[in-house]
Amino acid sequence: MSLLNDLINLNLSENTDKIIAEYIWIGGSGMDMRSKARTLPAPEMDPSKLPKWNYDGSSTEQATGDNSEVIIYPQATFRDPFRRGKNILVMCDAYTPTGDPIPTNKRFNAAKIFSNPEVVAEEPWFGIEQEYTLLQNDIKWPLGWPVGGYPGPQGPYYCGVGADKAFGREIVDAHYKACLYAGINISGINGEVMPGQWEFQVGPVCGISSGDQVWMARYILERITEIAGAVLSFDPKPVSGDWNGAGAHTNYSTKSMRNDDGIQVIKKAIEKLSKRHKEHIAAYGKGNERRLTGLHETADINTFSWGVANRGASVRVGRDTEKAGKGYFEDRRPSSNMDPYTVTSMIAETTILWKP
């Protein structure tokens, strides 16, 4: 094994200018991430200078066997924490050979919204709190839970410390450092309310880059759980009953909200969100109705509400924002399996472009 590790950790730059680029895209389910690697002749971080590539869409439920070629366009690059050196990870989106975005390409429409001059002028910032659950590989039951049984009630696990409270910390810390190495603006981690559940935060990040960074952070986490022999779940309610679900709370601000008296802009934005509640819920993640019950720090899925420091509301405004009269708010409705391209662009479109 030591020789294998030596080979895995070979520093290519000592002997060649060539690098390895791992091309990454989103599969047919909208949550499965796929990737494959290719050799490039020299280091390159500008995605516009990287070659397009293709894959077999019939194997990812994104094309038929008689017309299976899907083209992937490089959109964002990151340093590769696995191969290291000058090797890169490449976030891509997917198109038909004629250049049309395929139906599961959510980035394309998001990019159009974020390139709108009105949106650009507002410099929309996002901070996404990505919750997830670590599962035992063989039985698909949360890490640290007794086989066929349950741990003690919720209470000591949130931000908990100790072998009987924090399960999977090595995975979480490895992911934290790997994201920083990659160039992702990961801003923190913490243990969540349900044992075996954790959260990482990405942001603040402006516009379309928020979706790129969250998806890449998900990919890196999936790779690390693969190495650790654990299973990663983004299910919004992985265990039924009196256990917290998993969300992706989305913190948001615009330039106008961050300026003096921005609280008035925030209130107008929240009013707009209230009027499109059903449309947002429909786009905020599959199975979210199992999570948004009005219990376990959620609002009921059918009712829009907002409040200051209220974690049982659809939208929460922080005490600091209220006190300063400017800042940001948190949309608590998105589920852990939401598409960050869809959610961020929809919030920007509703609050900046939509005229009720």
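**Strands, a buried asparagine and salt bridges**

In strand β3 (residues 53–56), side chains alternate between two faces. Trp53 and Tyr55 point to one face and are buried. Asn54 and Asp56 point to the other face and are not buried. This is the pattern of a regular strand, where side chains alternate between the two faces of the sheet. The model is predicted.

What does β3 pair with? Strand β4 (residues 69–79) is joined to β3 by four bridges, and the two run antiparallel. Within this pairing, Trp53 stands opposite Ile72 in β4. Trp53 is thus a residue to look at twice: its side chain is buried, and Ile72 of β4 is set across from Trp53.

Now turn to β9 (230–233). Ala230 and Leu232 point one way from this strand, and Val231 and Ser233 point the other way. Are these four buried or exposed? All are buried. Compare β3, where Asn54 and Asp56 are not buried. Strand β9 also has an antiparallel partner: four bridges join β9 to strand β6 (residues 125–136). Gln136 stands opposite Ala230 in that strand.

The next stop is a loop. Asn288 sits between α8 (277–283) and β11 (306–308). Its relative accessibility is 1%. Buried means under 20% relative accessible area, so Asn288 counts as buried. What does the Asn288 side chain touch? It makes a polar contact with the side chain of Arg291, at 2.9 Å. A polar atom of the Asn288 side chain also lies 2.9 Å from the backbone oxygen of Arg333. Setting aside neighbours within four places in sequence, Asn288 is in contact with Pro236, Ile301, Arg333, Pro334 and Ser335. Arg333 therefore appears in both views of Asn288: its backbone oxygen lies 2.9 Å from the side chain, and Arg333 is listed among the contacts that exclude sequence neighbours.

Charged pairs come next. Side chains of opposite charge can pair when their charged atoms come close. How many salt bridges does the structure hold? There are 15. One of them links Asp235 and Arg290, with the closest N and O atoms 3.1 Å apart. Asp235 lies in the loop between β9 and β10 (248–253), and Arg290 in the loop between α8 and β11, so the pair ties together parts that are 55 residues apart in sequence. Asp235 is partly exposed, with a relative accessible area of 27%. Arg290 is partly exposed too, at 37%.

Another salt bridge stays within one helix. Glu271 and Lys275 both lie in helix α7 (residues 262–275), four residues apart, about one turn of the helix. Their side chains meet at 3.7 Å, N to O. Glu271 is partly exposed, with a relative accessible area of 45%.

Arg332 and Glu330 form a further salt bridge, with the closest N and O atoms 3.2 Å apart. Buried or exposed? Arg332 is buried, and so is Glu330. Salt bridges can also share partners: in this way Glu22, Asp80 and Arg83 are joined into one network.

Last, the surface. Leu3, Leu7, Leu10 and Leu12 form a nonpolar patch there. Together they have about 380 Å² of accessible area. Where is Leu10? It is in the loop between α1 (2–8) and β1 (19–26).

Key. Residues are numbered from 1 along each chain as its sequence is written. This is a predicted model: local features need pLDDT of at least 70, side-chain atom pairs count only at pLDDT 80 or more; totals for chains, interfaces and linings use all residues. Side-chain values use heavy atoms; hydrogens and water are left out. Patches are made of residues with over 30% relative accessible area and no salt bridge: like charges are joined within 9 Å, nonpolar side chains (Val, Leu, Ile, Met, Phe, Trp, Tyr) within 5 Å. Accessible areas come from the Shrake-Rupley method with a 1.4 Å probe; for residues, only the protein chains shown count as cover. A salt bridge is a side-chain nitrogen of Lys or Arg within 4 Å of a carboxyl oxygen of Asp or Glu. Buried means under 20% relative accessible area, exposed over 50%, partly exposed in between (1.4 Å probe, protein chains only). Two strands pair if DSSP finds at least two bridges between them. A polar contact is a pair of N or O atoms within 3.5 Å; within protein, one must be able to donate a hydrogen and the other to accept it, and residues adjacent in sequence count only if both atoms are side-chain atoms. Contact means heavy atoms within 4.5 Å.
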